[in-house]
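Good morning, and thank you for joining this group meeting. I would like to speak briefly about internal space and about the surface, with the model on the screen.

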Amino acid sequence: MNRSKRINLVLIVFFLYSSLGLFAQTGSIKGRVYNIKNNDPLPFTNIIISGTNIGSVSDFDGNFSFTGLNPGYVKLEATSVGFEKIMTEEIQITNAKTSSMDIAMKEIAIQISGVEITASVFKRVEESPVSLKSLGISQIEKSPGSNRDISKVIQSLPGVASSVSFRNDIIVRGGGPSENRFLLDGIEIPNLNHFATQGASGGPVGIINTDFLREVDFYSGAFPASRGNSLSSVIDMKLIDGNPDRLVYRATLGASEMALSVNGPLSEKTSVLFSVRRSYLQFLFGVIGLPFLPTFTDYTVKVKTKFNVKNELTFISIGALDKFKLNTGLKDPTEEQQYILDYLPVNNQWNYAIGANYRHYRDNSFGTFILSRNMLYNEAYKYQDNDETAPDKKTIDYSSYEIENKIRYEEVARTRGYKISYGAGAEFAKYKNTTYQRVFIPSGEDTITEINYSSNLLRSDANSYSDQMSNLLKQLSPRFSASYSLTPKLLANFNTGRYYQLPAYTTLGYRSTQGELVNKTNGLRYIQADHIVAGFDYRRNDRSKITLEGFYKFYNYYPFSLTDSVSLASKGANFGVAGDEAVIPISRGKAWGAEVYFREKITKNIDATLSYTWVRSSFEDKHGDFIPSAWDNRSILNVTALASLKRNWEIGVKWRFVGGAPYTPFDEPKSELIEAWDVQGRGYLDFNQFNNLRLGVFHQLDLRIDKEYFFKKWSLNVYLDIQNLYNFKADQPAELLQVKDENGQPVLKDPERYQLKYLSSESGTVLPTIGIIIEI
């Protein structure tokens with residue numbers, strides 16, 4: 001079936017669903033208003049549905065409720081004497097459940113007569129006056145082209161670039177995909193993606209079930225002091241609480257997976273969220289004839305107990321199981337399919353994170369105690385010609401695991417207009433690696449070398465790995481922020497800070513065949529980045545925001561590959577493992593640029609966002625010269641518009657433009673060598689010409705249409721998501737392939753060399769998806 005027929009079939013099915021009858025139903029909200037510093041209830045608080053005259057007043061316990069509300073997304077505005085007026089994040093109203101929203105309010109430090117404090121839809125945090133963007137539930141659920149994947153949603157924010165279309169790498173302000181930190185309700189999780197690149201963070205599809213997300217705070221700079229071990233971004237995700245009244249069930253059928261979830265009360269004081277997702281990619285990829293067959297399963301669980309007004313405990317766990325095999329049963333594979341089969345290893349992995357968050361409120365402060373553990377297991381193997389019956393043809397056999405056990409305490413106090421926060425943390429980590437790999441090293445007679453080592457690594461912060469990492473003062477991270485109101489609507493903002501990040505465990509644990517921790521001997525240390533950010537924030541009204549920010553980042557002590565003579569900062573966007581090699585901590589880098597961000601609620605039903613980023617990113621080569629990094633995209637533009645229409649229709653469009661990224665040509669003489677090619681089944685890059693070439697620009701138009709139905713006790717959402725609507729073909733580096741004869745055997749150029757050729761490569765196709773969400 002050709003592409004146009006497939007698209008027509010998808011459209012027909014979608015509009016058949018859209019012709020279902022509609023029943024007028026209403027929803028409700030229940031919640032509680034409280035003082036943010038001590039959790040005390042705030043009685044007699046006025047709460048209204050933003051943009052309407054529908055209101056409610058909280059009782060003596062701070063509780064409030066709304067009934068008879070039309071389904072959709074709303075924000076609440078709350079006002080109370082002596083407290084700042086607040087507008088909440090979005091909340092979704094459906095008839096299938098009573099929505100829950102607790103509202104935290106901050107005391108006014110100084111009350112000035114005649115000055116009115118207005119609420120705004122845009123979040124502002126004292127320690128991060130710049131480089132913070134918040135995503136609400138409708139932006140996450142309805143983002144065109146994102147298919148409810150939080151990694152793809154984030155790629156629409158200023159400063160964020162992306163790699164190839166089939167990966168979810170998060171590349172922020174010219175930094176690499178390994179420079180980000182992820183938190184879920186305050187508990188750190190190791191990565192966001194299935195089939196994650198160990199030592200980095202990217203992968204093909206997200207691990208987070210967006211059914212449970214309430215809000216996402218994205219920091220591209222000005223990180224809070226409590227959020228360390230990051231150089232480029234902190235992504236702080238917050239989950240909803242379980243429904244307080246009754247169990248609610250939700251089923252989602254998407255393009256690649258199905259999900260089942262439940263949320264509701266376990267007892268009067270305890271609620272639960274639980275979901276499980278299972279992909280059917282292996283079946284789909286087999287039907288359309290792709291050379292690889294992945295499948296994944298993941299789960300999310302949250303249990304929260306509110307013992308009383310002053311004490312609460314939250315338990316969270318998230319995990320994934322990823323399986324992968326090669327489709328060696330393909331009949332008459334194409335050149336490109338056979339090329340992928342020849343070099344791609346089999347990769348399986350699983351991971352989980354589990355943690356408990358206990359919070360205790362006092363009169364003017366609250367303390368949070370967090371205990372967590374996360375683990376990643378990763379394995380990969382490859383045989384030449386995919387012949388697993390011949391042990392001598394094994395080229396890769398890799399297995400490793402990473403375990404982190406963490407404990408953290410934070411205290412936040414508010415008094416006389418000041419916010420004081422402090423805390424401490426400790427971490428115990430274990431890394432184990434067993435590696436066998438054949439590599440080609442031109443060294444006289446012995447050109448094939450086997451890397452065969454096992455590695456065990458223990459560490460605790462700060463840090464028992466080496467003398468270079470054991471002194472806390474060497475990792476001191478001072479930060480300073482300031483904000484000045486030029487006019488009531490215009491702010492000037494500034495932040496500077498020094499940040500440190502521990503190198504990947506794959507780099508820390510790399511050993512020689514004699515068992516030596518090579519990079520410990522080489523003086524490996526924390527990577528350092530100094531940030532300077534300054535800009536302006538203009539708010540024409542409470543629903544409009546324009547920001548202009550300039551940024552500069554300077555990196556020091558980045559690991560520098562002794563094998564390829566390039567900085568590891570430019571690696572990490574491929575599948576498998578990154579950082580498992582000998583390095584020295586000498587690489588310096590810099591990234592600088594400017595961002596413009598505009599968002600406005602044009603009307604009650606239309607929301608428009610525009611972001612533009614100009615960025616340059618470079619790192620030193622082996623001669624000490626600064627050359628473009630792999631993330632030097634230069635220009636990134638995103639334009640998004642979302643509209644809510646009558647009869648519960650919603651439509652969204654997004655246009656994305658990304659400048660061409662640098663890339664490295666192949667070393668043809670080395671790649672032609674039979675011994676060299678047989679080791680890895682693909683060409684070798686010429687690192688003497690690292691990033692000398694550049695791809696063409698990439699742009700794409702995405703469309704999403706939603707139709708929601710609300711019946712007596714359940715709701716139905718049918719959506720159509722079309723990525724790359726006008727079928728743009730993006731440049732990709734040409735692949736180097738063997739020339740084969742009519743019998744499928746490689747052609748020799750001479751007795752020591754294969755004859756090779758280039759196969760032009762591009763990515764991009766129209767990708768329509770129908771999704772169905774049922775909530776009962």
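**Cavities and a nonpolar patch**

The largest cavity in this structure encloses about 210 Å³ of space. Please bear in mind throughout that the model is a predicted one. In total, eight cavities of 30 Å³ or more are found in the structure.

Let me turn to the walls of the largest cavity. Its lining consists of 16 residues, and those closest to the centre are Leu135, Gln139, Ser156, Thr609 and Thr640. What is the make-up of this lining by class? There are seven nonpolar, six polar and three charged residues.

Which strands supply at least two residues each to that lining? They are strand S33, covering 583-603, strand S34, covering 606-620, and strand S36, covering 634-644. The greatest contribution to the lining comes from S36, which provides four residues.

I now move to the surface. Here a nonpolar patch of about 570 Å² is formed by Phe307, Leu313, Tyr358, Phe369, Leu371, Ile407 and Tyr409. Strand S25, residues 365-383, and strand S26, residues 394-415, each contribute at least two residues to the nonpolar patch.

One member of the patch, Phe307, deserves a separate word. Phe307 is located in strand S22, which spans residues 292-308. Is Phe307 buried, partly exposed or exposed? Its relative accessible area is 39%, and therefore Phe307 is classed as partly exposed. Patch residues must have over 30% relative accessible area, so Phe307, at 39%, passes that cut-off.

That concludes the presentation, and I thank you for your attention.

How values were computed:
Residues are numbered from 1 along each chain as its sequence is written. This is a predicted model: local features need pLDDT of at least 70, side-chain atom pairs count only at pLDDT 80 or more; totals for chains, interfaces and linings use all residues. Side-chain values use heavy atoms; hydrogens and water are left out. On a 1 Å grid over the protein atoms alone, a cavity is a set of points where a 1.4 Å probe fits but cannot get out, and a pocket is an open set with protein on both sides within 12 Å along at least five of seven lines; lining residues have an atom within 4 Å of a point. Grid points are joined across faces, edges and corners, and a volume is the space filled by probe spheres set on the points. Ala, Val, Leu, Ile, Met, Phe, Trp, Tyr, Cys and Pro count as nonpolar, Asp, Glu, Lys and Arg as charged, and the others, Gly among them, as polar. Patches are made of residues with over 30% relative accessible area and no salt bridge: like charges are joined within 9 Å, nonpolar side chains (Val, Leu, Ile, Met, Phe, Trp, Tyr) within 5 Å. Accessible areas come from the Shrake-Rupley method with a 1.4 Å probe; for residues, only the protein chains shown count as cover. A salt bridge is a side-chain nitrogen of Lys or Arg within 4 Å of a carboxyl oxygen of Asp or Glu. Buried means under 20% relative accessible area, exposed over 50%, partly exposed in between (1.4 Å probe, protein chains only).
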